[in-house]
Amino acid sequence: MASDNQAPRAPSGTHDVLAPESDRWIALLGIFGSLAQRYGFSMVHTPMFEDVRVFHRGIGEGSDVVGKEMYEFTDRGGRNLALRPEGTASIVRAFVQHRPAAPWRAWYATPSFRYERPQAGRFRQHHQVGVEVLGSADADVDVEVITLAQRFFEGLGLTRFTLNINSMGDEHCRPSYTQSLRDYLETKASELCKEHQASHENNPLRVLDCKRPECFAVIEGAPSLAEALCDSCRTHFERVKDGLRKAGIVFEINDRLVRGFDYYTRTTFEFSSSALEGAQNAIGGGGRYDGLVELLGGPPTSGIGFGIGIERVLLACDAENVFDIAPEVPEAFVVDVTGGERARDIVERLRDAGIFVERAYDNKSMKSQLKSADRSGARMALLVGEEEAESESITIRMLREEREQVTISLDELFARATTTGSLLP
RNA sequence: GUGGUCGUAGCUCAGUCGGUAGAGCGCCGGGAUGUGGCCCCGGAGGUCGCGGGUUCGAGCCCCGUCGGUCACCCCA
């Protein structure tokens with residue numbers, strides 16, 4: 001459509017959100033925000049760009065997101081910055097900078113940027129809501145965080161989604177497991193898929209997640225992460241599972257769930273929608289990251305959180321036919337065929353009284369203005385013609401129900417608006 | 001980064017063996033001497049993504065390019 005000197009479009013992989021879709025965004029953010037508040041989270045805003053080191057150190061150089069998907073740039077002062085590719089690292093950086101009292105519970109809603117090829121449910125700018133808890137290693141926090149996500153999805157009306165959980169081990173048991181996995185993969189290197197023949201040494205855990213058939217056979221025989229967990233990780237994981245069961249949350253243990261960021265320890269989890277046709281069906285995910293605060297220069301501090309993809313959640317809602325938001329419609333629509341000055345004053349006074357009112361502009365014909373009134377969805381039209389102008393009155397015509405139209409004085413109209421908030425007696 | 005697929009009015013699309021463009025919806029106006037929705041009539045709006053080639057002639061064929069879309073990879 002667009003060519004060299006034609007109108008610009010939104011950049012590839014980005015999109016504009018207009019009504020009525022934007023109405024759903026407002027509603028979704030409202031639901032998430034009030035739920036998070038009920039769970040004791042307060043909202044945090046952090047910059048959309050950070051020193052690149054926040055992400056390099058936090059997410060890990062070896063990850064795809066940092067290695068090949070970040071929007072990095074140098075500003076006019078020569079600083080190396082990057083648009084945020086995910087939410088957690090920025091929040092942790094803010095924690096280290098401000099040292100709020102722990103445990104600190106923060107929720108956020110923010111765009112994220114990744115330079116990937118767009119496809120269904122995947123964008124270069126997407127949006128996430130999420131929470132992070134910094135400063136507690138208690139497994140009950142894991143349970144709460146996962147429960148919050150679960151309740152959010154339920155609150156939207158989603159039913160066709162699943163929760164996978166896993167434990168990645170900690171600094172005591174993970175290194176030795178990683179080594180034994182690396183040793184194992186070394187002996188099977190030639191049988192791995194092309195991608196992992198090259199990369200299994202730096203990031204052996206990622207191979208567990210590979211969906212290619214070649215790797216699959218190798219993975220079958222690989223040492224089990226679950227069996228390699230140390231006692232404290234095992235206990236932690238048991239308590240998480242127990243808490244989830246008590247909360248009535250259905251989950252699946254998936255010991256091949258290895259998420260894409262290097263910072264995860266112990267609990268990891270992912271919510272997937274089974275209603276989404278495409279390959280991009282992960283609607284939310286997160287986990288514990290007990291070493292991340294230190295990596296970003298803070299004191300040893302435990303942490304856990306998740307991110308939920310707004311666009312994907314809305315796609316899932318569409319697929320399940322839930323969360324259909326009816327947009328707000330005006331109570332009244334002022335039709336003024338005497339030039340518009342009266343409409344100008346009437347809408348202002350009614351709006352001051354707290355009523356949602358629209359009007360027509362450009363001195364259109366009555367037919368045209370009523371057409372606009374109808375399309376606006378307004379419950380009633382307030383008509384001002386020569387007669388009403390003469391007598392300082394207005395004619396109320398109901399647009400959605402059979403009722404005889406009535407003419408009342410403007411004084412009466414404004415009195416109703418300010419005393420009862422309704423334009424009808 | 002790799003591959004498939006598509007690119008005609010604001011939107012959804014039609015366009016038959018190549019002969020310089022149509023529908024529905026939407027929008028604007030009228031049919032009612034002040035009154036929307038249904039119906040009827042009329043109107044505006046497109047250099048057929050862009051560039052090149054073949055041809056007497058290309059929306060239709062060929063090449064390139066840009067963009068959309070889907071998939072791989074990875075993730076939300």
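# A guided tour of a predicted protein–RNA model

Begin by selecting helix α15, which gives the most to the surface near RNA strand B, with seven residues. Please bear in mind throughout that this is a predicted model.

**Stop 1: the surface near the RNA**

Keep α15 selected and add β6 (125–134), β10 (282–288), β11 (303–309), β14, α16 (386–391) and β15; each of these elements, like α15, supplies at least two residues of the surface near RNA strand B. Which residues come nearest to the RNA strand? Of the 52 residues around RNA strand B, they are Arg114, Arg259, Gly260, Ala282 and Leu399. Among the atoms of RNA strand B that come within 4 Å of the protein, sugar and phosphate account for 53%.

Three individual residues may now be displayed in turn.

- Gln128: a polar atom of its side chain lies 3.3 Å from a sugar or linking oxygen of RNA strand B.
- Gln280: an N or O atom in its side chain is 3.0 Å from a base nitrogen of RNA strand B.
- Gly284: a backbone N or O atom lies 2.8 Å from a sugar or linking oxygen of RNA strand B.

**Stop 2: the two sides of helix α15**

Return to α15, which spans residues 366–376. Which of its residues are buried? Colour Gln369, Ala373 and Ser376, for these are buried. Seen down the axis of α15, the buried residues fall within an arc of 65 degrees, and therefore they line one face of the helix. Next, colour Lys367 and Arg375, which are exposed on the other side of α15. The buried residues of α15 pack against β12 and β13. Just after the helix comes Gly377, whose phi is positive, near 85 degrees.

**Stop 3: the sheet of five strands**

From β12 and β13, extend the selection to an open sheet of five strands, ordered β13-β12-β14-β15-β16, with mixed pairing. Why is one side of β13 and of β16 left without a neighbour in the sheet? β13 (357–359) and β16 (406–409) stand at the edges and each has a single partner strand, so one side of each has no neighbour there. Direction ignored, neighbouring strands of this sheet are turned by 30 degrees against each other on average.

Within the sheet, select β12 (residues 332–336) and β14 (residues 380–384), which pair in the parallel sense over five bridges. Val334 stands opposite Leu382 in β14.

Two helices may be added to this view. Helix α14 (residues 341–352) lies across β12, β13, β14 and β15 (393–398), and runs at about 170 degrees to β13. Helix α17 (residues 410–419) also packs on the sheet, where it touches β14, β15 and β16; the direction of α17 makes about 85 degrees with that of β16.

**Stop 4: the sheet of eight strands**

Now select another open sheet, whose eight strands follow the order β1-β5-β6-β11-β10-β9-β7-β8, again with mixed pairing. Its edge strands are β1 (42–43) and β8 (252–253), each of which pairs on one side only. Strand β7 (residues 161–167) and β8 run parallel and are joined by two bridges. Asn164 stands opposite Glu252 in β8.

In strand β10, select Ile283. Is Ile283 buried or exposed? Its relative accessibility is 2%, so Ile283 counts as buried. Leaving aside neighbours within four places in sequence, the residues in contact with Ile283 include Phe153, Phe161, Phe271, Leu276, Ile308 and Val313. For a distance to check in the viewer, take Ile283 and Ile310: they are 27 residues apart in sequence and 8.0 Å apart in space, C-alpha to C-alpha.

**Stop 5: Thr88 in helix α4**

Move next to helix α4 (residues 88–98), in which Thr88 is found. Thr88 is buried, with a relative accessible area of 5%. Its side chain makes a polar contact with the side chain of Glu132, at 2.8 Å. Leaving aside its neighbours within four places in sequence, Thr88 is in contact with Tyr108, Glu132, Tyr263, Tyr289 and Leu292.

**Stop 6: helix α9**

Finally, select helix α9 (residues 213–220), where Cys215, Val218 and Ile219 are buried. These residues cover an arc of only 100 degrees around the axis, which puts them on the same side of α9. On the other side, Pro213, Ala217 and Glu220 are exposed. To see what covers the buried residues of α9, display α6 (174–188), α7 (194–199) and α8 (204–207), which are included in that cover.

Technical notes:
Residues are numbered from 1 along each chain as its sequence is written. Chains are lettered from A and ligands numbered from 1 in the order in which they are written. This is a predicted model: local features need pLDDT of at least 70, side-chain atom pairs count only at pLDDT 80 or more; totals for chains, interfaces and linings use all residues. Side-chain values use heavy atoms; hydrogens and water are left out. Two strands pair if DSSP finds at least two bridges between them. Helices (H or I, at least four residues) and strands (E, at least two) are DSSP runs, numbered from the N terminus. Axes are lines fitted to C-alpha atoms, for helices over the stretch in contact, and angles run from 0 to 180 degrees between N-to-C directions. Contact means heavy atoms within 4.5 Å. Buried means under 20% relative accessible area, exposed over 50%, partly exposed in between (1.4 Å probe, protein chains only). The arc is that of the directions from the helix axis to the C-beta atoms. A residue is near a molecule or strand if one of its heavy atoms lies within 4 Å of it. A polar contact is a pair of N or O atoms within 3.5 Å; within protein, one must be able to donate a hydrogen and the other to accept it, and residues adjacent in sequence count only if both atoms are side-chain atoms.
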